[in-house]
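New notebook, new structure. I'll jot down what I look up as I go, one topic per entry.

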Amino acid sequence: MRLVTIEDIEDAAARVRAFIVRTPLLPAGWAGDEDRPLWIKPESLQSIGAFKVRGAFNAIGRLDESVRTRGVVAYSSGNHAQAVAHAAAVFGIPAHIVMPRETPAIKVDATGRHGAEVVLCDAGQRERVAADVVEQTGGVLIPPFDHPDIIAGQGTIGCEIAEDLPTVDNVLVPVSGGGLASGVGTAIKALCPNARVFGVEPELAADTAQALRVGHRVEWSIEDRNRTIADGLRSQPSELTFAHLQAVLDGVITVTEDEIRSAVRELAIHAHLVSEPSGAVGFAAYRKGSIPAGRTVMVLSGGNIEPALLQDILSS
């Protein structure tokens, strides 16, 4: 199995540069831990509110034009859906997006506003329904994480962290299907070889933490994974992403539902950043104090949260 390289990621960075926001590193002096000064990488500032736009533009941009004009198909709980829909609109091609029925309405509506045709499906049926849509439309499947071009696109975040803070010691990255952590970890290990990269998962969807302990992928039921409030972290790594995670992660930190909610609240109040639960897990891990001392960056992966949920978290 060929793993993504830093050269792949640097090639992706050149390809997507015109389409993404180069998000800043924001110092979080208010976090108050002198041994672990914190910076936030707010991917919530991307045009679709999440990091997924990087991988989508890289994957679609690498397609031959004759293939790209047939359109694209994606399956996603939300942020990848919006990213593919947005990239397809920029390229002027049709997009069909398969989304679970339990996906927050804010993500479903946003995907449709980009001009994509949304196909809703039952829990655990995304891949099967997407395969049917590919057969019906002739479009190209753009998977949410299980593809080298997606991993390389997400890895551009790691290049930016290394450029802005070359002395970084710790990087905290959410883990779901593993594309983000695979790409960021690959870039950080190549450009900042002394830095440590930690994945972060909800305790209620901690399949990667268990898999790395036992040395192989493990299966958690969709019913178990759907218990977490972090709806963007309910996927499981593929063979490709798990191989990357084994190579680049120095560990996985798991966080509770209360810790995730507290992190969303603190980021809103003190950092003035709206984060969805999935995007806040890095800060929840930072607050646990279980990482080594040193300059720390957390990737705030997305900010697409239902207003009612945000109001509930802020008032609790």
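**Entry 1: the six-stranded sheet**

I started at one pair of residues: K41 stands opposite V299 in strand 10. I kept in mind that this is a predicted model. K41's neighbourhood is the pairing of strand 2 (residues 38-42) with strand 10 (residues 296-300), where 5 bridges join the two and they run parallel.

Next I checked what packs there. Helix 13 (residues 277-288) packs on the sheet and touches strand 2, strand 7 (170-174), strand 8, strand 9 and strand 10. I noted its direction too, about 100° from that of strand 9.

Then I looked up the whole sheet. It is open, has 6 strands in the order 1-2-10-7-8-9, and its pairing is mixed. Strand 1 and strand 9 (251-255) are at the edges with a single partner strand each, so one side of each has no neighbour in the sheet. Helix 9 (residues 207-214) also packs on this sheet, touching strand 8 (196-202) and strand 9. The direction of helix 9 makes about 145° with that of strand 9.

**Entry 2: the four-stranded sheet**

What is the strand order in the sheet that 4 strands form? I wrote down 5-4-3-6, an open sheet with parallel pairing. Strand 5 and strand 6 are the edge strands here; each has a single partner strand, so one side of each is left without a neighbour in the sheet.

I zoomed in on strand 3 and strand 4, which pair in the parallel sense over 4 bridges. In that pairing V72 stands opposite A95 in strand 4, and V73 stands opposite H96 in strand 4. Helix 4 (residues 79-91) packs on this sheet and touches strand 3 and strand 4. I get about 170° between the direction of helix 4 and that of strand 4.

Which way do the residues of strand 3 point? V72 and A74 point one way, V73 and Y75 the other way, and all are buried.

**Entry 3: helix 6**

I moved on to helix 6 (residues 126-137), which has 12 residues. From first C-alpha to last it reaches 16 Å, close to the 16 Å expected at 1.5 Å a residue.

Which residues of helix 6 are buried? My list reads R126, V129, A130 and V133. Looking down the axis of helix 6, I found these buried residues within an arc of 100°, so they line one face of the helix. I added a reminder for myself: an α-helix has 3.6 residues a turn, so residues three or four places apart point the same way.

Against what do the buried residues of helix 6 pack? I noted strand 3 (72-75), strand 4 (95-100), strand 5 (117-121) and strand 6 (140-141). One more detail went in the margin: just after helix 6, G138 takes a positive phi of about 80°.

**Entry 4: aromatic rings**

I searched the whole structure for aromatic pairs and got 5. One of them is F19 with F91: the ring centres are 5.9 Å apart and the planes are at 45°, so the pair is tilted. F19 sits in the loop between helix 1 (6-16) and strand 1 (26-27), and F91 is in helix 4, so the pair ties together parts 72 residues apart in sequence.

I looked up how covered they are. F19 is partly exposed at 32% relative accessible area, and F91 is partly exposed as well, at 26%.

F91 turned up again, in a tilted pair with F57 that has 6.2 Å centre to centre and 45° between the planes. F57 is in helix 2 (residues 52-61) and F91 in helix 4, 34 residues apart, and I noted this as a link between distant parts of the chain. Is F57 buried or exposed? F57 is buried, with a relative accessible area of 2%. Taken together, ring pairs link F19, F57 and F91 into a cluster.

**Entry 5: one threonine**

Last stop was T156, found in helix 7 (residues 148-164). T156 counts as buried, because its relative accessibility is 2% and the cut-off for buried is under 20%. What does T156 touch? Leaving out residues up to four places away in sequence, I listed I9, A12, A13, V16 and R54.

Terms used: Residues are numbered from 1 along each chain as its sequence is written. This is a predicted model: local features need pLDDT of at least 70, side-chain atom pairs count only at pLDDT 80 or more; totals for chains, interfaces and linings use all residues. Side-chain values use heavy atoms; hydrogens and water are left out. The expected span of a helix is 1.5 Å times one less than its number of residues. Buried means under 20% relative accessible area, exposed over 50%, partly exposed in between (1.4 Å probe, protein chains only). The arc is that of the directions from the helix axis to the C-beta atoms. Contact means heavy atoms within 4.5 Å. Two strands pair if DSSP finds at least two bridges between them. Axes are lines fitted to C-alpha atoms, for helices over the stretch in contact, and angles run from 0 to 180 degrees between N-to-C directions. Rings of Phe, Tyr and Trp (its six-membered ring) pair if their centres lie within 6.5 Å; planes under 30 degrees apart count as stacked, over 60 as edge-to-face and the rest as tilted.
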